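Visitor: Pick one spot in this structure and give me a close look at it, then show me what else is worth seeing from there.

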Amino acid sequence: MRMVDLIEKKRDGQPLTKEEISFIIDGYTKGEIPDYQISAFTMAVFFQGMTAQERADLTMAMVHSGETIDLSEIEGIKVDKHSTGGVGDTTTLVLAPLVASVGVPVAKMSGRGLGHTGGTVDKLESVPGFHVEITNEVFIHLVNKNKVAVIGQSGNLTPADKKLYSLRDVTATVNSIPLIASSIMSKKIAAGADAIVLDVKTGAGAFMKDLEDAKELAKAMVSIGNNVGRQTIAVITDMSQPLGYAIGNSLEVQEAIDTLKGEGPSDLEELCLTLGSQMVYLAKKADSLDQAKSLLIESIKSGKALETLKIFLSAQGGDASVVDDYSKLPQAAHTFELEAKEEGYVSEMIADGIGTAAMLLGAGRATKDSVIDLSVGLLLRKKIGEKVQKGDSLVTLFSNQEDVEEVKEKLYQSIKISPEIVESPKLVLDKIE
């Protein structure tokens, strides 16, 4: 088998066999196939696409390129959730304890973030003492005991995907549906999930800006999951504005706790109940989505979800008393208000721009070597569709620097006010099964 022949085959729009795809991924992972040939291959895929079977075969070839996590010792159906990313996306912090509180095992492998704010691990490390550096044995024990645990990403999970993504990043082939879908799904499958719920974002703050592109990606990932024996569903959700009000690590932890107390933002609560219902249903802990949602609502009302959060934090070294005393979370030295310059209705909140403003304060990483300031961030005071008077606070800035003029300017560029009444955007746009 020769790589040049496979490049030519894909260039001409012919489907590759499972053996041919394995040959490509194995050879590239081992360093036997050079970057320039893989670059030609990814460009051929970019233009010619892949069949459903090819996508599934590519995904599994990447899964088998490194370690896989065996969760068979964990009792019950393990359901994982993946979000394609956004601004103020606090869902995992809420969903992990909420879904676990109704008896669904949540064995979560999470990473650190590169972007507007930290990843799930960074956010959880806002809680003093909390750590994810635990052995697989301890991880499995905690999930069996408490129904929830979070572990840091394994260094050798899907190494082919890491190599391929780095190459795609510099060859203008990132925006290829087959390559995006197989990249995401390979990590979820290697992490050992039995079933997968996908939150595919669309809008200004999402990777997929266009709704039809988001639907196409969702269909591709659902097809891959079901093709390889993982029951998979996707929910398409709006990210034209940030989710919730908090953007920043310790601020998002507070918002997650508020949501588990039943006092969180309505859009964050709606999304968590939507995704959580799917997870509970796929785990066979409810006979319908309505029953699943009722179980989750009751868990919040009874305080069981909040108690599960405390147990989860404490089991991994965290100070669970932060749940009742937010002053124990990292605190910024200064707060500033971004005042509305005119009266009207909030017509646009460009999520990307607002996220960049949070990163300028130090809430996220510009590069992988950047150090995150867990205490800083933004708290939105208005969302799209809300009435504002001149002088009203649009955003509260939490900062450890005294000069925030650049951040304010970025926020003013990202928040538009209209004299006309504006409707609030719909959050859940579609579901792909």
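## A close look at Val-132

Guide: Val-132 has a relative accessibility of 4%, so it counts as buried (under 20% relative accessible area; exposed is over 50%, partly exposed in between, with a 1.4 Å probe and protein chains only). Bear in mind that this is a predicted model, where local features need pLDDT of at least 70 and side-chain atom pairs count only at pLDDT 80 or more, while totals for chains, interfaces and linings use all residues. Residues are numbered from 1 along each chain as its sequence is written, and side-chain values use heavy atoms, with hydrogens and water left out.

Val-132 sits in the loop between helix H6 (120-124) and helix H7 (136-146); helices (H or I, at least four residues) and strands (E, at least two) are DSSP runs, numbered from the N terminus. Leaving aside residues up to four places away in sequence, Val-132 touches Val-121, Val-150, Ile-151, Gly-152 and Gln-316, a contact being heavy atoms within 4.5 Å. Gly-152 is 20 residues away along the chain, yet its C-alpha atom is 5.4 Å from that of Val-132.

For another link across the sequence, try the salt bridge between Asp-80 and Lys-188, 3.2 Å from N to O (a side-chain nitrogen of Lys or Arg within 4 Å of a carboxyl oxygen of Asp or Glu). Asp-80 belongs to strand S1 and Lys-188 to helix H9, so this pair ties together parts 108 residues apart in sequence. Like Val-132, both Asp-80 and Lys-188 are buried.
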